[in-house]
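Me: Please take a close look at one part of this model, a single pocket, and describe what surrounds it. I should then like the description to follow the connections outward, as far as the structure allows.

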Amino acid sequence: DPSVHGLILQRPLPSNLANTLMYRYIKVNKDVDGFVPGSPFEAPVAAAVFEILKNCKSQIPNPNDQQKSFDDWIKSKSIIVVGRGETAGKPIADLLVKKGCHVTVVHSHTENPNEIIISADIVISCVGRSNVVRRDNIKKDAILLSVGIWRDSEEKLHGDYNEEDIADGASFYTPTPGGVGPANVACLMQNLVTATENAS
């Protein structure tokens, strides 16, 4: 349908439908979510992480950091991605590696995860569980991004860390809600605009 310029596959799918099979029905030029093999688009969640980190870098008072380009700055940082899920952790880590960053992925089978997390300058948590990242397992002045979200018994959204707990320890952190989510939507819309322009 030439009047449709972008398609996304909302996951999780019913158990009788395989993700890989369903992606075959989406043409790469309409894959604004960036998950179809050969897609020309970056996954919006990964692009959103980059936009947020650019904003953090622009506000860092350290003159040595200010003098560096964003690319040089982010390549100089130790980055931990917590979680390796196909819709967040994996595409984020993949894009960081593609950009030449030093990335370590921590997951459920990682030994001594807290020792690894506390070594990071930037922690991107994509788990969707409470207190994955805490004040006692982060480096002083680390940058924290919570991509993972979960709901409490009152249906209130939370991220992978308690914001009050980490506020004094982190130099920057994203809130939940209102952090990565809106940037993710904006990057998805940017991909859709590009797909529409390319179809003209």
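Reply: In this predicted model, the second largest pocket encloses about 420 Å³ of space. Its lining is made up of 18 residues, and those closest to the centre are Gly34, Phe35, Lys90, Pro91 and Asp94. Two elements, α1 (19-23) and α5, each give two or more residues to this lining. The largest share is that of α5, with 5 residues. By class, the lining of the second largest pocket comprises 8 nonpolar, 4 polar and 6 charged residues.

Helix α5 leads from this pocket to its packing partner. Two packed helices are described by the angle between their axes and the distance between the axes. For helix α2 (residues 44-59) and helix α5 (residues 89-98), the angle is about 55° and the axes lie 8 Å apart. Angles under 35 degrees count as roughly parallel and those from 65 to 115 as roughly perpendicular; α2 and α5 are therefore oblique to each other. Their crossing is right-handed. On the α2 side the contact is formed by Val45, Ala46, Ala47, Val49 and Phe50, and on the α5 side by Pro91, Ile92, Leu95 and Leu96. The class count for this contact is 9 nonpolar residues, with no polar and no charged ones. Pro91 thus has two roles in the description: it is among the residues closest to the centre of the second largest pocket, and it belongs to the contact of α5 with α2.

From α2 the path continues to α8 (180-199). The axes of α2 and α8 come within 8 Å and cross at roughly 115°, and this crossing too is right-handed. Here α2 contributes Pro44, Val45, Ala47, Ala48, Glu51 and Ile52, while α8 contributes Val180, Ala183, Asn184, Cys187, Leu188 and Asn191. The contact of α2 with α8 divides into 9 nonpolar, 2 polar and 1 charged residues. Val45 and Ala47 of α2 take part in both helix contacts, with α5 and with α8.

The largest pocket also involves α2 and α8. Each of these helices supplies at least two residues of its lining, and α8 gives the most, with 6 residues. This pocket holds about 650 Å³ of space. Among its 28 lining residues, Gln10, Val45, Thr87, Val147 and Asn184 lie nearest its centre. Val45 and Asn184 are also members of the contact between α2 and α8. The lining of the largest pocket contains 17 nonpolar, 9 polar and 2 charged residues.

Some features of the backbone complete the account. Most residues other than glycine have a negative phi, and most peptide bonds are trans. The bond from Arg11 to Pro12 is cis, with omega near 10°, and Pro12 is located in the segment before α1. A cis bond likewise joins Thr176 to Pro177, with omega near -5°; Pro177 is in the loop between β7 (172-173) and α8. Asn131 is not a glycine, yet its phi is positive, at about 55°. Asn131 is placed in the loop between β3 (122-125) and β4 (143-146).

How values were computed:
Residues are numbered from 1 along each chain as its sequence is written. This is a predicted model: local features need pLDDT of at least 70, side-chain atom pairs count only at pLDDT 80 or more; totals for chains, interfaces and linings use all residues. Side-chain values use heavy atoms; hydrogens and water are left out. Axes are lines fitted to C-alpha atoms, for helices over the stretch in contact, and angles run from 0 to 180 degrees between N-to-C directions. Helices (H or I, at least four residues) and strands (E, at least two) are DSSP runs, numbered from the N terminus. Angles under 35 degrees count as roughly parallel, over 145 as roughly antiparallel, 65 to 115 as roughly perpendicular and the rest as oblique. A crossing is left-handed if the near helix is turned anticlockwise from the far one by less than a right angle, and right-handed if clockwise. Contact means heavy atoms within 4.5 Å. Ala, Val, Leu, Ile, Met, Phe, Trp, Tyr, Cys and Pro count as nonpolar, Asp, Glu, Lys and Arg as charged, and the others, Gly among them, as polar. On a 1 Å grid over the protein atoms alone, a cavity is a set of points where a 1.4 Å probe fits but cannot get out, and a pocket is an open set with protein on both sides within 12 Å along at least five of seven lines; lining residues have an atom within 4 Å of a point. Grid points are joined across faces, edges and corners, and a volume is the space filled by probe spheres set on the points.
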